[in-house]
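Could you walk me through this structure, starting from a single residue and working out to the contact between the chains? Plain language is fine.

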Amino acid sequence: MSEREGPTERELIQAAAAGNMGAFAQLVQTYRARVLRTAYGLLGSLEEAEDVAQEVFIKVWKGLPNYRPSGSLANWLYRITVNTAIDTLRKRHETFPLDGQELDPQPHPEETVLRHDRQSQVRAAIQALPSNARAALILREYEQLSYKEIAAVLQIPLGTVMSRLNYARNRLKELLEETS
Amino acid sequence: MEHPNDLILQMHIDGELDEEARQRLQAHLTHCATCRERLRGWELLSQTIQASAPPEEAFSRSGIFWARLAGKLPQKPPSPWPWAPYLPPILLGLAAICLDVLLTLAFGLSTLAWLGFLPSFGSTFYHWLEGSPFKSLFSLFIPQGIPGPWSQLIASPGTMGMVLALVFFGGGLLVVTVLYLSWALCWTRLDRSAQKGGG
Ligand SMILES: [Zn+2]
């Protein structure tokens, strides 16, 4: 006998696509932390990560009526998150051209929560990586995605995923050895 | 056996090696302390990165996040055709304009007929009535139901045209007014809902 355990994700997607806010709220609740963490990994700022996550879910709400699930919803969300975060990085570069400061952004007051010496060094080192290597690394280490999933999210070949991860880890090791 | 490269060690940590490659690596690691040390180094790095992920408490609480988001979501997903909600007032307005044009034309023509510039609308109507089932009803009504001078006046074909045109025009004007009013109501409701959605 099967127990009725609330709506499936597919049902929630259909309801949200038809304009049901309650269903959408449940989807947001499920994916909020993943989107925020990924955005933070790419931007290194809690405030910007919150803004990007808001923008991501607005895009998802608008895009749901035309969403055709070819992969998983999570992969679609990760893709929108990475693209939106990279757009934000690009805008940051336009605002402060040729400024090295963005590699180590000033912490916002609330970010002192995160400033634990070694961890903050690691975060700064991650932010010093090129954004495409950083995206692969964050999806692997923060989100535990497989190489195949990372390739689907970033829309790059499997071999490129491996070389970006390898590059990111080697560079990170160097950076951390310099600071410690 | 040759030492495995860093990529192989990282793939092992990520669980991406196939069974055969994994067993080959394990066999190598059992007798190579250098590679065990290298593997340990990459594992440590992986753990360090994972530990740097912000905890969920670092972000705003779920309820606050949703409250901020819900305020920015458009009420309904965008309609496939953005002008669809404006269709009823536009169609009503068009219907009223068409009726208005027809009425003006009818009134103008019957006035011209009354002045004698055109064949009488009234007599044309009378000729049509003679061959229609309304004839008996009409002849019953006009000579007996209306007192002398009025019945004479109405029975004269030219005046008849004028009276019919006036009735047609008056009734039509009422319909046009109702249509315009509904159009205006539809339009302002749309405007109000747009303001509510935007603010
Ligand atoms: Zn070895």
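A:Thr81 is a handy place to start: its relative accessibility is 0%, so A:Thr81 counts as buried. Keep in mind that this is a predicted model. A:Thr81 sits in helix 4 of chain A, which covers residues 73-95. If you skip the neighbours within four places in sequence, the residues in contact with A:Thr81 are A:Val35, A:Thr38, A:Ala39, A:Val52 and A:Val56.

Now zoom out to the chain around that residue. Chain A has eight helices and zero strands, so its pattern along the sequence reads α-α-α-α-α-α-α-α. Strictly, that "so" was loose: the pattern is simply how chain A reads along the sequence. Buried residues make up 47% of the 180 residues in chain A. Take the contacts in chain A between residues at least 6 apart in sequence: 64% of them join residues at least 24 apart. The accessible surface of chain A comes to about 9,100 Å², and carbon and sulfur atoms account for 51% of that.

One of those links across the sequence is easy to find in the viewer. Side chains of opposite charge can pair when their charged atoms come close. A:Arg37 and A:Glu143 form a salt bridge, with the closest N and O atoms 2.8 Å apart. A:Arg37 belongs to helix 2 of chain A and A:Glu143 to the loop between helix 6 and helix 7 (147-154), so this pair ties together parts that are 106 residues apart in sequence. The two partners sit in different burial classes: A:Arg37 is partly exposed, at 22% relative accessibility, whereas A:Glu143 is buried, at 9%.

Stay in that loop, because A:Tyr142 is there too and its relative accessible area of 7% makes it buried. The C-alpha atoms of A:Tyr142 and A:Thr38 are separated by 7.3 Å, although the two residues are 104 residues apart along the chain. What does A:Tyr142 contact, leaving aside its neighbours within four places in sequence? Within chain A, A:Tyr142 is in contact with A:Arg37, A:Gly41, A:Ile126 and A:Leu137. From chain B, the contacts of A:Tyr142 are B:Ile49, B:Ser52, B:Ala53 and B:Pro54. With B:Ser52 there is also a polar contact, side chain to side chain, at 2.9 Å.

That brings us to the interface. Chain A puts 44 residues into the contact and chain B puts in 35. The area buried between the two chains is about 3,800 Å², with carbon and sulfur atoms giving 64% of it. For residues at pLDDT 80 or more, 19 residue pairs are in polar contact across the interface. On the chain A side, the elements that give two or more residues are helix 2 (21-43), helix 3 (46-63), helix 5 (117-127), helix 6 (131-141) and helix 8 (158-179). The chain A residues that touch chain B divide into 26 nonpolar, eight polar and ten charged.

Helix 5 of chain A is worth a closer look. The buried residues of this helix are A:Ser120, A:Val122, A:Arg123, A:Ala125, A:Ile126 and A:Gln127. Their cover includes helix 2, helix 6 and helix 8 of chain A, together with helix 3 (33-51) of chain B.

How about charge pairs? The whole structure has 14 salt bridges over all chains, and the count between chain A and chain B is four. One of them pairs A:Asp51 with B:Arg68, the closest N and O atoms being 2.7 Å apart. A:Asp51 lies in helix 3 of chain A and B:Arg68 in helix 4 (residues 62-70) of chain B, so the pair joins two chains. A:Asp51 is partly exposed at 38% relative accessibility, and B:Arg68 is partly exposed at 38% as well.

For a buried pair, go to B:Asp14 and A:Arg140, whose side chains meet in a salt bridge at 3.0 Å, N to O. B:Asp14 is in the loop between helix 1 (6-13) and helix 2 (19-31) of chain B, and A:Arg140 is in helix 6 of chain A, so this pair joins two chains. Both B:Asp14 and A:Arg140 are buried. Salt bridges that share partners join A:Arg140, A:Glu141, A:Arg169 and B:Asp14 into one network.

Terms used. Residues numbered from 1 in each chain as written. Chains lettered and ligands numbered in written order. Predicted model: local features only at pLDDT ≥ 70, side-chain atom pairs only at ≥ 80, totals over all residues. Heavy atoms only, no water. Contact = heavy atoms within 4.5 Å. Buried area = accessible area lost by both parts, 1.4 Å probe. Polar contact = N/O pair within 3.5 Å; in protein donor to acceptor, adjacent residues only side chain to side chain. Helix = DSSP H or I, 4+ residues; strand = E, 2+ residues; numbered from the N terminus. Nonpolar A, V, L, I, M, F, W, Y, C, P; charged D, E, K, R; others polar. Buried < 20%, exposed > 50% of the residue type's maximum accessible area, 1.4 Å probe, protein only. Areas by Shrake-Rupley, 256 points an atom, 1.4 Å probe, with all protein chains shown as cover.
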